[in-house]
Amino acid sequence: MGSITLENVTKSFGDVEVIPPLNLEINEGEFVVFVGPSGCGKSTLLRLIAGLEDVSSGSIAIDREDATSIRPARRGLAMVFQSYALYPHMSVRKNIAFPLKMAGLEQADIDKKVDAAANILNLSDYIDRKPGQLSGGQRQRVAIGRAIVREPKAFLFDEPLSNLDAALRVNMRLEISELHQDLKTTMVYVTHDQVEAMTMADKIVVLRAGVIEQVGSPLELYRKPANKFVAGFIGSPNMNFLSGEAAQKHGAHTIGVRPEHLACSRESGMWKGTVGVAEHLGSDTFLYVTLNDGSNFTVRSDGNVDLNHGDTVYLSAEPENIYRFDENEQAIG
Amino acid sequence: MATDHSRIAARFMISPAVLLLLGWMIVPLSMTLYFSFLDYNLLSPGMEEWIGFMNYEYFLTDPAFFAALGNTFLLVAGVLVITITGGVALALLLDQPMWGQGIVRILVIAPFFVMPTVSALVWKNMFMNPVNGLFAHAAKAMGLAPFDFFAHAPLFSIIMIVAWQWLPFATLILLTVLQSLDKEQLEAAKMDGARKMSRFVHIILPHMSRAITVVILIQTIFLLSIFAEILVTTNGGPGYASTNITYLVYAQSLLQFDVGGGSAGGIVAVVLANIVAIFLMRMIGKNLEA
């Protein structure tokens with residue numbers, strides 16, 4: 001239960017084509033994350049799957065059955081919105097029960113399912129409160145509760161953690177991952193945060209301007225980015241790029257090196273530069289180095305590096321950790 | 001927050017405004033109260049004498065009083081029902097994206113800018129007149145006998161006129177409330193399987209409830225004192241069929257020159273309005289807390 005297939009799906013708003021023809025296969029039970037910079041069409045894509053927007057052409061199949069023109073409720077998908085979209089005048093219990101009530105279930109069944117969902121999500125203590133009396137994390141859980149009681153074929157999450165503070169975000173990230181382990185239901189998750197994508201996904205779909213740049217597991221994307229955009233987007237801090245003479249030495253138009261693959265030395269190395277800012281975090285040290293040709297490099301080094309502002313530093317990387325890209329920004333080799 | 005010193009200063013500074021407002025209210029109220037205990041008729045000036053509660057007894061046992069009380073209630077309730085249901089429906093329609101939205105919205109608001117006497121006269125002479133009115137022409141065109149609105153359904157006619165005037169107000173407020181509804185909530189309800197009607201009952205209407213109570217409160221305050229529309233159309237008649245309390249007080253004091261009786265009626269009206277206000281404030285208070 002819960003495979004989703006998009007075939008040649010396009011979406012235009014007036015004359016503006018937001019999503020050019022796009023094909024995507026989401027398998028049963030997968031945790032798929034759509035990631036990309038804001039305005040790349042990832043939320044639109046999710047809303048097309050949900051049925052909240054009509055596709056301009058192409059077809060969407062859920063469990064191999066064509067769902068292109070089926071209304072949202074009949075698709076058997078549940079969605080968690082960025083603003084949670086809880087009904088403010090209803091208690092937590094009524095919020096969670098709403099989809100069941102709309103489906104016409106018996107009150108006894110509804111109560112049983114709501115209580116079960118509230119238990120899973122630790123909401124039992126707040127069950128009679130209104131959403132206005134809950135904290136951000138609790139509201140988030142209510143929104144998820146409202147989604148899981150329907151026992152949907154797949155969950156759709158639209159940037160659900162973007163309204164939470166950093167600590168809570170890490171917590172909820174774990175909870176959603178655990179929920180996926182427990183339920184084994186297909187989940188489609190939209191985010192602009194590549195850390196969320198890396199930590200949660202089975203499969204990441206990187207989007208730019210409505211076009212899928214690459215699909216793959218987090219480590220595949222990290223190790224073998226298909227192009228410069230994916231290479232720069234996945235990984236934190238971002239990959240460093242060099243073009244021109246330095247790149248031609250390696251037979252490429254542009255080369256990229258991840259900050260964690262750079263080694264620094266005071267005596268010799270591939271690239272010479274000056275340390276701008278050094279951030280000593282204890283476990284790691286981030287060095288912002290300005291190379292002699294004017295480009296900026298970020299270096300992630302261990303916590304014992306003793307380099308400070310103004311120091312001269314030589315950077316180098318193992319050949320297998322240098323990513324090469326051609327003029328069209330596609331990866332070589 | 002504030003220190004004792006600044007609090008005293010604040011009280012001192014707002015006191016002129018408070019005193020002015022208090023005087024503005026107390027002087028006419030106490031004069032009305034005083035007149036209501038006098039035998040005070042403009043036809044026999046200088047003959048005023050204290051008669052105790054006679055004016056009240058006379059006013060409250062007058063059959064016209066009960067007719068007027070019923071009419072006041074019907075007028076307020078009728079206009080509220082029409083404007084609230086019509087206002088919700090119009091707000092829902094105007095919220096739809098359509099061509100010429102701006103113009104249509106201005107047209108809908110327009111009746112509110114027409115002064116009561118003018119709109120009542122327009123309705124009386126151009127629509128409801130049994131000879132020249134548009135409704136009469138329409139009825140004749142369909143082969144029916146024209147209906148004399150103000151002779152046969154005077155109160156209903158006035159309710160229609162007043163509802164026409166207040167519909168834009170209700171529509172305007174309810175439209176703004178509708179536009180403040182989070183679209184994601186409606187989408188969530190759509191995902192949850194709610195059809196159009198369920199979305200209206202479970203999401204839209206609860207969202208509007210607060211504004212609806214505010215509209216009810218404001219309109220009730222103004223509708224209790226409807227006067228101009230009655231004066232220029234039916235003069236309260238035929239008989240007392242379209243007389244409300246406000247009009248009865250006017251008739252008592254200015255048509256019968258009985259200032260004492262009119263004042264007593266005025267005080268009765270104040271008491272009634274306050275009883276209504278207590279109920280309304282409780283209702284609103286409950287709705288605003290949530």
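Trainee: Which domains does the assignment give for chain A?
Mentor: First, some ground rules: this is a predicted model, where local features need pLDDT of at least 70 and side-chain atom pairs count only at pLDDT 80 or more, while totals for chains, interfaces and linings use all residues. Residues are numbered from 1 along each chain as its sequence is written, and chains are lettered from A and ligands numbered from 1 in the order in which they are written. The bounds come from an automatic or database domain assignment, and for chain A they give domain 1 (4–231) and domain 2 (238–325).

Trainee: How many residues does the contact take from each of these two domains?
Mentor: The domain centres, taken over C-alpha atoms, are separated by 38 Å. Residues are in contact if their C-beta atoms, placed from the backbone, lie within 7 Å. By that cut-off, domain 2 of chain A gives 5 residues and domain 1 of chain A gives 4 residues.

Trainee: And how do the residues on the domain 1 side divide into nonpolar, polar and charged?
Mentor: Nonpolar covers Ala, Val, Leu, Ile, Met, Phe, Trp, Tyr, Cys and Pro; charged covers Asp, Glu, Lys and Arg; the others, Gly among them, are polar. Where domain 1 of chain A touches domain 2 of chain A, that gives 2 nonpolar, 1 polar and 1 charged.

Trainee: How many helices and strands does chain A come to?
Mentor: Its C-alpha trace spans about 75 × 45 × 35 Å along the principal axes. Helices (H or I, at least four residues) and strands (E, at least two) are DSSP runs numbered from the N terminus. Counted that way, chain A has 9 helices and 18 strands.

Trainee: Which strands stand at the edges of the open sheet of 4 strands, and why?
Mentor: The order is β2-β1-β4-β5 in chain A, with antiparallel pairing; a pair needs at least two DSSP bridges. Two of these strands have a single partner each, so one side of each is left without a neighbour in the sheet: β2 (16–26) and β5 (65–66) of chain A.

Trainee: In that sheet, what stands opposite A61(A)?
Mentor: Strand β4 (residues 57–62) of chain A pairs with β5(A) in the antiparallel sense, over 2 bridges. The residue of β5(A) opposite A61(A) is D66(A).

Trainee: Which residue takes a positive phi in the hairpin of β15(A) and β16(A)?
Mentor: Start one hairpin earlier: β14 (residues 271–280) and β15 (residues 284–291) of chain A run antiparallel with 7 bridges, and there G282(A) has a positive phi near 95 degrees. Next, β15(A) runs antiparallel to β16 (residues 296–302) of chain A, also with 7 bridges, and T285(A) faces S301(A). This second hairpin has 4 residues between the strands, and the one with a positive phi, near 100 degrees, is G294(A).

Trainee: Which element gives the largest share of the side of chain A that touches chain B?
Mentor: Here 15 residues of chain A are in contact with 14 of chain B. Two elements of chain A give two or more residues to its side, β6 (77–80) and α2 (92–102). With 3 residues, the largest share comes from α2(A).

Trainee: Which helix gives the largest share of the largest nonpolar core?
Mentor: Such a core is a set of buried Ala, Val, Leu, Ile, Met, Phe, Trp, Tyr and Cys residues joined through C-beta atoms within 7 Å. Buried means 20 or more other C-beta atoms within 10 Å, exposed means 12 or fewer, and partly exposed is in between, with C-beta atoms placed from the backbone. The core has 133 residues, and those with the most contacts inside it include V188(A) and V162(B). The largest share, 12 residues, comes from α8 (residues 154–179) of chain B.

Trainee: Is A141(B) buried or exposed?
Mentor: A141(B) lies in α6 (residues 134–141) of chain B. Only 8 other C-beta atoms are within 10 Å, so A141(B) is exposed.

Trainee: What share of residues 264–284 of chain B is helix?
Mentor: UniProt, in an unreviewed entry, lists this span among its "transmembrane region" features; positions follow the numbering used here, names are shortened, and annotations may be inferred rather than shown by experiment. The end C-alpha atoms are 30 Å apart, strand is 0%, and helix is 100%.
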